[in-house]
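Could you walk me through this structure, stop by stop? I have it open in my viewer and would like to know what to select next and what is there.

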Amino acid sequence: MEKKGDILTAVAGASSLIRDTMASKFGNKHPEWAWTNALLADYFETARQAKESGRPLAWVNFCTIGEIFWAMDIVPLVIDVMTGVVAMALPGGAIKYIDLAEQHIPDHICSNNKTCVGAALAGDLPMPDMIVHQSAPCDSNLATFPVIAECFGSSYFCIDVPYWRNEAGFEYVAGEIKRLISWLEDKTGRKLDMDRLKQVMAYSNLAHEYILKINQLREAIPCPYSSIETISEYAVVLALAGKPELVDYLRRRYELTKGRVERGEGHLSRDQEKIRLAWIYGAPAFDFTIFSWLERQYGAVSVANMNNNFIIRPVEDISDLNKIARGLATKLVEMPMGRECGGPWENYVDAMIDLCRRSKADAAIFAGHVACKHNWAIAKLVKDRIYDELRIPTLIFEMDVYDPRIASSENIKAKFDEFFGAFFE
Amino acid sequence: MSALEELVGLTRDLTNPAVQDWKAKKRKIVGHFCSYVPEEMLYAANVLPYRVRAPHCAETTLADVYMSHFNCSFVRSCLQFVYEGKYNFLDGFVFTNSCDHTRRLYDVMRETGVGKPFMHFLSVPHKVSVQSVAYYRDEISKFKENIENSFGVEISEKNLKEAIQVYNETRHLLRRLYELRQEKAPPLTGEESLSILLAGTAIPRDQYNELLKRLLEELSRKKGISDYKARLMIAGGGCDNPDYYGAMEELGGLIVTDSLCFGSRYFWEPVELGDDLLLSLAKAYLSRPSCANMADKVAERSEFVKEMAERSKADGVVFQRMRYCDLWGGQLLHLENRLKEANIPLLALEREYRLDDVGRLRTRVQAFLERIGR
């Protein structure tokens, strides 16, 4: 019988195990393969210990900015990062939590949210002091986070993000961020220390400078990143926004990648790299080995992924709270997936055409998470537009990021077999 | 013809004599999909607001070319009607971000060449605060400007104020109607009530008010319905199909109230007139009993259902939502707890837009009625 409330211990343990396995198996040749899991292990451990170390714990979603929380010594647990590790690395994945949640909420709600609801219902996930998320990009978030907060007694704040991405919208979001700060001060009794926030913002800015430089390097042929790294890096950028550990990771990553590109080295060699894929939606978190299979089987490198497509510019002026809030409002709206999936479809298709173009993709992959109604509604439009603009095909298939019962690994591989057979043989 | 017959008759087809007359006079009609659209603004511009539906939509083959089967069948049915040309009588559309399905209609219609010259998108905030009301006020202001520019009209303060008053009169009349439904022997079935509500979404509001006044007069003399097994309340997402109600009422349930956007939530609170009419509209629309897209109103929504059920002495609540409606699906978790605390039985149903699965519906409702029946 598992001990209640130990999901954070489990994901911290799983991340540590992956880190150690990577280090022992590939440490000599690829020490970087252990880096992200090392960071995640520490991050989950920090979240697990938050309450006993006297720090408030906040659940946040993938489009929420971590900087404010770290600056106030509140631990922001990005739920999506946690559920991703649950699906990927825990025995049985997220299935038991999904099944439990479906006893109370519909099966078509996002399995990320269902994992969270199920874990809360099971008592395996300690309830946080507060839940904070932004209203974009999907109904599933809106449908579950406030309800969990009400049902389980957590404080709740929604950062409302308008449909339109214009000056009025950014100003409104900047106001929301300032109201969030006041709300956090009220809930925690902690006053925001401006010097601390500026320090956090300096780290955040440095991180985004590195990310922009790394993005450029990743455009190289052959691709200097492995496919799995391309997607898994997303988790640490989300989890550790504003932390020096992230800056340190990105600096090492940048130097390593720069050296590789200068030497003309890729994860696969120029000869081995035959097909470049841009994942314009979703990825099977329950089985990242599919990415390695694509490399081995077809020389298909996943060079880009919508989720890890951070094209956020550093906040230029961090001299006062108003300017920081305005800068963070831009960042918040431009967080991957929030940027693409909220607002009119042009936000999405333009960004994905740009991503495919920059990454010199031979094909786009729309791994359609079945819960994402907003993007399924425009999948065909996107496929057609990408073809019109870039003359590359798009593979569209149904799957669930967290639940292999919707489309198993074998099922997904079969889709690729068919796709490559049709377009690349 | 009685007012009741006239109102019910108005919902049989997409158009009706009032719509045809409106078009014959070369006046504009604008369709919308959501109860958060301040119809008063269109009405003040002498444009007929029309709530888009797809009654008796038999198939969605054209819509399914673009939208997926993960999109709700209401949205796909509406899109099908647009592709079939059934909404050619409309001069424009208004969209909102009320849910992921409807907001994408705006994209798909524009991109597939079935948009209209007037295509307006209102960004509705997802929470209620001083700031969100101010934001929505500005959105309504842009809406006003777009109507004025697109249709070459000026919406004066006077016209807008009159429009709000006309709509407030509707709200007042509908509340009176709902009060009658609370009686021990209500004069209307739920099916009839929904038809009456739907009629208001498709005819000029002044005509509708006159019909409602006549109806209330008629109902004051009508013998109420007392041979029912149980009093039911309907809650959840938008439901615009009187036959759905009819299927439940054939089994002996009598629907006496609701918490729906085609029902009480649409009209429950009046627009309080202030110095700034746009602000009055923004405040009223955001503060009224909410849709599940309002993030910070979970408890209030459940409370509204509970209060409405208690006020109408409902024996049970039928919570229904469309398949793939996440927003109302999430609310269910809270609502079932709240109603359990209040000792109000709950039946949760998932449905498609087209009423195909009547057998299953009847079985579920029958079992529920046996559980709660008097």
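Here is a short tour of this predicted model, one selection at a time.

**Stop 1: where the chains touch.** Start by showing chains A and B together. At their interface, 35 residues of chain A are in contact with 41 residues of chain B. Now colour helices H7 (139-152), H8 (167-188), H16 (373-376) and H17 (379-390) of chain A: each supplies at least two residues of the side that touches chain B. Which helix gives the largest share of that side? It is H7(A), with nine residues. Colouring by residue type, you will find 23 nonpolar, seven polar and five charged residues on this side of chain A.

**Stop 2: a helix pair in chain A.** Keep H7(A) selected and add helix H6 (residues 111-122) of chain A. The axes of H6(A) and H7(A) come within 10 Å and cross at roughly 10°. With an angle under 35 degrees counting as roughly parallel, the two helices H6(A) and H7(A) are therefore roughly parallel to each other. The crossing of H6(A) past H7(A) is left-handed. Show side chains next: Asn113(A), Cys116(A), Val117(A) and Ala120(A) of H6(A) meet a set in H7(A) that includes Ser140(A), Thr144(A) and Phe152(A). The residues of this contact are five nonpolar and four polar, with no charged ones.

**Stop 3: the sheet in chain B.** Move to chain B and pick out an open sheet of four strands, ordered E2-E1-E3-E4 with parallel pairing. Strands E2 (48-51) and E4 (118-122) of chain B stand at the edges with a single partner strand each, so one side of each has no neighbour in the sheet. On average, neighbouring strands of this sheet are turned by 25° against each other, direction ignored. Zoom in on E1 (residues 29-32) and E3 (residues 92-96) of chain B, which run parallel and are joined by three bridges. One residue to click is His32(B), whose bridge partner in E3(B) is Val94(B). Then add helix H5 (residues 100-111) of chain B, which packs on the sheet and touches E3 and E4 of chain B.

**Stop 4: backbone details in the loops.** Most peptide bonds are trans, and most residues other than glycine have a negative phi. Select Ala136(A) and Pro137(A), which are joined by a cis peptide bond with omega about 0°. Pro137(A) sits in the loop between strand E3 (130-134) and H7 of chain A. The peptide bond from Ile221(A) to Pro222(A) is also cis, with omega near -5°. Finish at His56(B), not a glycine, yet with a positive phi of about 60°. His56(B) lies in the loop between E2 and helix H4 (73-83) of chain B.

Key
Residues numbered from 1 in each chain as written. Chains lettered and ligands numbered in written order. Predicted model: local features only at pLDDT ≥ 70, side-chain atom pairs only at ≥ 80, totals over all residues. Contact = placed C-beta atoms within 7 Å. Nonpolar A, V, L, I, M, F, W, Y, C, P; charged D, E, K, R; others polar. Axes fitted to C-alpha atoms, helices over the stretch in contact; angles between N-to-C directions. Parallel < 35°, antiparallel > 145°, perpendicular 65-115°, else oblique. Left-handed = near helix turned anticlockwise from the far one by under 90°. Pairing = 2+ DSSP bridges.
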